[in-house]
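Trainee: I should like a close look at one part of this complex, namely the side of one chain that touches the other. Please describe that part in a connected account.

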Amino acid sequence: MDLTRKDFLKMSGAGLGAGALVSLGFKLPAVAATEPLRVAKAKEVTGVCSFCAVGCGTLVSSHEEGDHLKVVNVEGNPDCAINFGTLCSKGAATIQKSYIDGELNPDRVTKPMYRAANSSSWEEISWDEAIKKIAQKVKETRDAAWIKEDDVIGPDGKPTGQKVLANRTEAIGSLGSAELSNEGAYLLQKVMRSLGVVYIEHHARL
Amino acid sequence: MIIKTEDPGLKGVQKAIKQYTREYPDYADALRLYGQVMRAQQRTLRELKSELEMEQGEIDLKLAEGVPLLNPLELDIDLLKYRRLTGEICAVIAEHGPEGFAHCDEIASWEGLDEGDFARTRNDLLTGKRLSLGEKWSTDEEREIGRIILWEALAPFYRRCASILESKMEQAFWLRGFCPICGGAPLMGVFRSEDGLWLLECTLCHTLWNVQRARCPFCDESEGSLKYLFIGDNETRRVQYCEHCGIYVKTVDMRDTGREASLPLENIITADLDMAAAQEGLKPAGPGGAIRG
């Protein structure tokens, strides 16, 4: 790019910066260089650490490579009032979920995987298949382990012969996520309760 | 959060010039010249006193409303000291500039620096209006140099007032792309060494203020539009720019360096970033340094 001294001066701010110094006759190497600049582009976006319930703010940096972005760094977000730019060792290694030493992490699961009963290998299936299988298993398990009623226990600790409606299953448990919002967590427990699931847990204490 | 800008003082300037000329020998002459200007500014700053007072409630209210704390067009400036500093900067450029400087006497005798005209000159400078420097200034380039000298001589007067106000300034109320104290454009930015907080330095009063990483400080339509470019593999010096408004500010990442940056000197050694930004069709934040607010 050919820039005259005047052009360069226009680019400068108000003070005695590089543009003014060039105008004063200094031969700054950056301006005198004839080789094209090797310019790379990148982007930073904010995120939330995916490990524990603290929810530390992160900054995820990605380089432009052709028509896509490649994540190159994850660091603490200094603007986040939860962690003020810091991350624990797990959080600081978040990038390894996607890339290890710049290469895609081969262990990262990006599609639904299915392992049939008694099989030792996993096979890739579609989301439609996965959701259908989950629904089938939930239905089968729920039906097989449905508790319709409970005995009413007397003061002596023995059944009184009376029954009370229970409508629950103890064969299914739900483990929520620390990354769920309050609204998401509410909806999850609501779905579970509507299925009769009583073992509803969350990994917020991790 | 309160951020205090540390004035380097004469020793600090000397140390910074020594360090930068050692690290960037190709820029040594330019850095030394600017170092002399900084020393002259620091000497004047040391002489200045300010009795500026502002209630905390007024400060908080102005910041929350997006109004800079000072009206830079109404600041009292000691004209005698201003004229002396202008002369010193002219002398530095005449002595250390490769092509000298032919207009020292014209600036010294210019009626724009007389008592009656100075307020208008100061306000034209700050608002980016053309200065009527006279016929002896034959080219736009010369006039721009004259303007820059006059601008540099203003800096210590605004710095003195800013140093009083910044200690009462809650940064969370601001987060904008122009100076919370005088409304000046940012000269450059830095990712603070201890935590990576993005701070911008005012081109006029040299106050440091905080803006959010990953958000454009210059426009409101910035969701996801802030990007950066860098040269080669050196991501520590970058151009932070907004795809939406096309404004950029150069920023240096001081984490892991074990030292503090001198942003006026960084501004000189990162001229290649200005060129890269120009190639991309980006505009600097505040060309000509006109104030806002």
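Mentor: The account below begins with the model and then turns to chain B and its contact with chain A. This is a predicted model, in which local features need pLDDT of at least 70 and side-chain atom pairs count only at pLDDT 80 or more, whereas totals for chains, interfaces and linings use all residues. Residues are numbered from 1 along each chain as its sequence is written, and chains are lettered from A and ligands numbered from 1 in the order in which they are written.

The predictor assigns the complex an ipTM of 0.85 and a pTM of 0.85. For chain B the average pLDDT (the predictor's confidence in each residue, from 0 to 100) is 90, and 97% of its residues score at least 70.

Chain B brings 48 residues to the contact and chain A brings 40 residues, two residues being in contact if their C-beta atoms, placed from the backbone, lie within 7 Å. On the side of chain B that touches chain A, at least two residues come from each of α2 (28–47), α7 (140–165), β4 (226–231), α8 (263–269) and α9 (271–279). Here helices (H or I, at least four residues) and strands (E, at least two) are DSSP runs, numbered from the N terminus. The residues on this side of chain B comprise 25 nonpolar, eleven polar and twelve charged; Ala, Val, Leu, Ile, Met, Phe, Trp, Tyr, Cys and Pro count as nonpolar, Asp, Glu, Lys and Arg as charged, and the others, Gly among them, as polar.

β4(B) also pairs with strand β1 (residues 39–48) of chain A, in the antiparallel sense and over five bridges; strands pair if DSSP finds at least two bridges between them. Within this pairing, Leu229(B) of β4(B) is the bridge partner of Lys41(A).
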